[in-house]
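Morning, everyone. Here is the structure for today, so have a look at the sequence and the fold first.

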Amino acid sequence: MKKLIWCLLMAPFFCAAQSFSIKLLTEGTKTSIRGLSVVSDQVIWVSGSNSSIGKSTDGGATWKWMQPKGYAKLDFRDIEAFDDQNAVIVNAGSPAYILKTTDGGESWTEHYKNVDTAIFLDGAGFWDKSKGIIFGDPINNKLQLLKTTDAGKSWQDVTANLKSSLAKGEASFAASGTTVKTLPGGKTWIATGGTVSNIYFSPDYGASWQVFKCPIIQGENSTGPFSIDFLNDKIGVAVGGNYVKDKENTNNVLLTNDGGKTWQKPASPVFGYRSGVTYINTKTLIATGTSGTDISTDGGQNWKHISDKSFNAVQKAKKGKLLILAGEKGSVYQLDTGK
């Protein structure tokens, strides 16, 4: 009888463990992938170091790799794609560039350049196909903000819209291009870390900003939130940690139910430093990083470790169910939740 009861109690965990798997789509390209844009169940774009950009139009079965001519050795930390023909990429470091393609990556045109030695762009988000925002680490204690209203053809510096100055040592992370989150209607969240961690929120396409404290691990230049996601304008998640201690999981995941104004720890945390997080649905979330991947099936309150393989980014298809993980050596995997 005891054995029967034990089996009945443990069966759901075994079933859950058996329902999650990762499948290799491509690997071996000389790039560390951090930019990821899953447009649909068929169209996937990735970007990374060595100026490498990859695209699949058949759900990851085959890949085309490209390097924009004249932009060698850049580290494209984020990519935002709209379909199989149109995409915008941004690199980290100086000089900073924003490039755009309208022919599926056959050619790329430059739409922004900044040679300031302090410039470091962290990530991009689009509210719709025309309007988007890119942000970067502070220069003279001011978070850098760029905005487009013409699908990335031109970018306006709107740094002055954020009145608050950042603290000394406060910056952001470009580990996966996901320390910025945009939702239709102009809602925007940007997470900072380092010595101090904050959430910068705009309700109106970056015209005005509010600042909320983020009580995640912080205090060192390697600590803070490395990825955020919002299910809607109220429910959100932040993950991170200390990237130089990627197996530690002290205070590195937080949840919000009021749009980022306040944050709470979950019942049990993720299992290490995490640089990517995404909502699959209201209850199911995936978090990944260099020490593995975790899943929550109760809205982020409890997490189960499902893989030790290193990744940098995770994303669900904007239109569809495809779940993609990406990381070192050009690795792109599909995550199957069994649902």
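Start at Arg-77. Its side chain reaches the backbone oxygen of Ala-174 at 3.1 Å. One caveat before I go on: this is a predicted model.

So where does Arg-77 sit? Its place is in strand S6, residues 75-81. Is Arg-77 buried or exposed? The cut-off for buried is under 20% relative accessible area. Arg-77 comes in at 18%, so it counts as buried. The Arg-77 side chain also makes a polar contact of 2.8 Å with the side chain of Asp-75. Now its contacts, leaving out residues up to four places away in sequence. Arg-77 touches Arg-34, Gly-35 and Ser-47. It touches Val-90, Asn-91 and Ala-92. And it touches the run Ala-174, Ala-175, Ser-176 and Gly-177.

Next, charge pairs. Side chains of opposite charge can pair when their charged atoms come close. How many salt bridges are there? The count comes to six. I will show three of the pairs.

First up, Glu-106 with Lys-64. The closest N and O atoms are 2.1 Å apart. This pair links distant parts of the chain, 42 residues apart. Glu-106 is in the loop between strand S8, 96-101, and strand S9, 109-114. Lys-64 is in strand S5, residues 64-66. Glu-106 is exposed, at 55% relative accessible area. Lys-64 is partly exposed, at 34%.

Next, Asp-128 with Lys-131. Here the closest N and O atoms are 2.9 Å apart. Asp-128 is partly exposed, at 30%. Lys-131 is partly exposed as well, at 24%.

Then Lys-181 with Asp-229. The closest N and O atoms are 3.0 Å apart. Lys-181 lies in strand S15 and Asp-229 in strand S20, residues 223-230, so the pair ties together parts that are 48 residues apart in sequence. Asp-229 is buried, with a relative accessible area of 7%.

Strand S15 takes us to a sheet. Strands of a sheet pair through backbone hydrogen bonds, either parallel or antiparallel. Which order do the strands of this open sheet follow? There are four, in the order S15-S16-S18-S19, with antiparallel pairing. S15, 180-183, and S19, 210-213, stand at the edges. Each has a single partner strand, so one side of each is left without a neighbour in the sheet. Neighbouring strands are turned by 20 degrees against each other on average, direction ignored. Four bridges join S15 to S16, residues 187-191. In that pairing, Thr-182 of S15 stands opposite Thr-188 in S16.

Last topic, the cores. In soluble globular proteins, nonpolar side chains tend to be buried together. The largest nonpolar core here has 15 residues. Which of them touch the most other members? They are Trp-45, Ile-53, Ile-89, Leu-99 and Trp-108. Strands S6, S7 (87-92) and S8 each give two or more residues to this core. S6 gives the largest share, three residues.

Take Leu-99 as a close-up. Beyond four places in sequence, Leu-99 touches Pro-68, Tyr-71 and Phe-76. Ala-87, Val-88 and Ile-89 are also in contact with Leu-99. So are Trp-108, Thr-109 and Glu-110. There is a second, separate core of 14 residues. Among its members are Tyr-112, Leu-121, Ile-134 and Leu-146.

To close, back to strand S6. It holds buried Arg-77, and it gives three residues to the largest core. Thanks, over to you.

Note on methods: Residues numbered from 1 in each chain as written. Predicted model: local features only at pLDDT ≥ 70, side-chain atom pairs only at ≥ 80, totals over all residues. Heavy atoms only, no water. Pairing = 2+ DSSP bridges. Axes fitted to C-alpha atoms, helices over the stretch in contact; angles between N-to-C directions. Buried < 20%, exposed > 50% of the residue type's maximum accessible area, 1.4 Å probe, protein only. Polar contact = N/O pair within 3.5 Å; in protein donor to acceptor, adjacent residues only side chain to side chain. Contact = heavy atoms within 4.5 Å. Salt bridge = Lys/Arg side-chain N within 4 Å of Asp/Glu carboxyl O. Core = buried A, V, L, I, M, F, W, Y, C linked by side-chain atoms within 4.5 Å.
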